[in-house]
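Reader: I am new to reading protein models, and I would like to go through one slowly, with a question at each step. Could we look at it together?

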Amino acid sequence: MQPHDVLTELTRVLEARKQAADAEASYVASLHAKGLNKILEKVGEECTETLLAAKDAENSGDHRALISETADLWFHTLVMLSHLGENADAVLAELAGRFDLSGHEEKAARPHNR
């Protein structure tokens, strides 16, 4: 599988497991069954683990744990988006719309910063 196909395929799998999978047989289905708070707990946990792995990577030069924890964070973030009826395409479209803007201009233009 090509790297650029991973998000498309993962989005398809997450949606299928959200809709039809048995919570006893599927980790994703079990997260959806437990609800948004459990999913957010996992996102927060993975975020913390990613931050710690980044600090360790800076000190050791070994990035394996950083990459692994970032994958876990992205995965759980995608589960969160799926739970709320969104997917990676919405995030990618948002990022694409930010090209040709300075980071300062983009941040100032966000509705919650006004």
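What follows is a set of questions and answers about the helices, their packing and a pocket.

Reader: What kind of model is this, and how many helices and strands does the chain have?

Author: This is a predicted model, and its C-alpha trace spans about 45 × 40 × 30 Å along the principal axes. Reading along the sequence gives the pattern α-α-α-α-α-α. The count for the secondary structure of the chain is therefore, with helices and strands taken as DSSP runs, six helices and zero strands.

Reader: Which word describes how H2 lies against H4: parallel, perpendicular or oblique?

Author: Helix H2 covers residues 27-34, and it packs against H4 with the axes 11 Å apart and an angle of about 50°. Roughly parallel is kept for angles under 35 degrees, and roughly perpendicular for 65 to 115. Because the angle of about 50° falls in neither range, H2 is, relative to H4, oblique.

Reader: Which residues of H4 meet H2, and how do the residues of this contact divide by class?

Author: From H2 come Tyr 27, Val 28, Leu 31 and His 32, and they meet Phe 75, His 76, Val 79, Ser 82 and His 83 in H4. The crossing of these two helices, H2 and H4, is right-handed. By class, the residues of the contact of H2 with H4 are five nonpolar, four polar and no charged.

Reader: How many charged residues are in the contact of H2 with H3?

Author: Helix H3, residues 36-60, packs with H2 at an angle of about 120°, and their axes are 5 Å apart, an arrangement that makes H2 oblique to H3. In this contact Tyr 27, Leu 31, His 32 and Lys 34 of H2 meet Lys 38, Ile 39 and Lys 42 of H3. The residues divide into three nonpolar and one polar, while the number of charged ones is three.

Reader: Which helix supplies the largest share of the lining of the largest pocket?

Author: The largest pocket has a volume of about 250 Å³, and among the residues that line it are Leu 7, Trp 74, Thr 77, Ala 88 and Val 91. Two helices, H4 (64-83) and H5 (88-96), each supply at least two residues of this lining. The largest share, five residues, comes from H4.

Reader: How many nonpolar, polar and charged residues does the lining of the largest pocket have?

Author: Leucines in the lining include Leu 73, Leu 78, Leu 81, Leu 92 and Leu 95, and leucine counts as nonpolar. Thr 77 also lines the pocket. By class, the lining has nine nonpolar, one polar and no charged residues.

Notes:
Residues are numbered from 1 along each chain as its sequence is written. This is a predicted model: local features need pLDDT of at least 70, side-chain atom pairs count only at pLDDT 80 or more; totals for chains, interfaces and linings use all residues. Side-chain values use heavy atoms; hydrogens and water are left out. On a 1 Å grid over the protein atoms alone, a cavity is a set of points where a 1.4 Å probe fits but cannot get out, and a pocket is an open set with protein on both sides within 12 Å along at least five of seven lines; lining residues have an atom within 4 Å of a point. Grid points are joined across faces, edges and corners, and a volume is the space filled by probe spheres set on the points. Helices (H or I, at least four residues) and strands (E, at least two) are DSSP runs, numbered from the N terminus. Axes are lines fitted to C-alpha atoms, for helices over the stretch in contact, and angles run from 0 to 180 degrees between N-to-C directions. Angles under 35 degrees count as roughly parallel, over 145 as roughly antiparallel, 65 to 115 as roughly perpendicular and the rest as oblique. A crossing is left-handed if the near helix is turned anticlockwise from the far one by less than a right angle, and right-handed if clockwise. Contact means heavy atoms within 4.5 Å.
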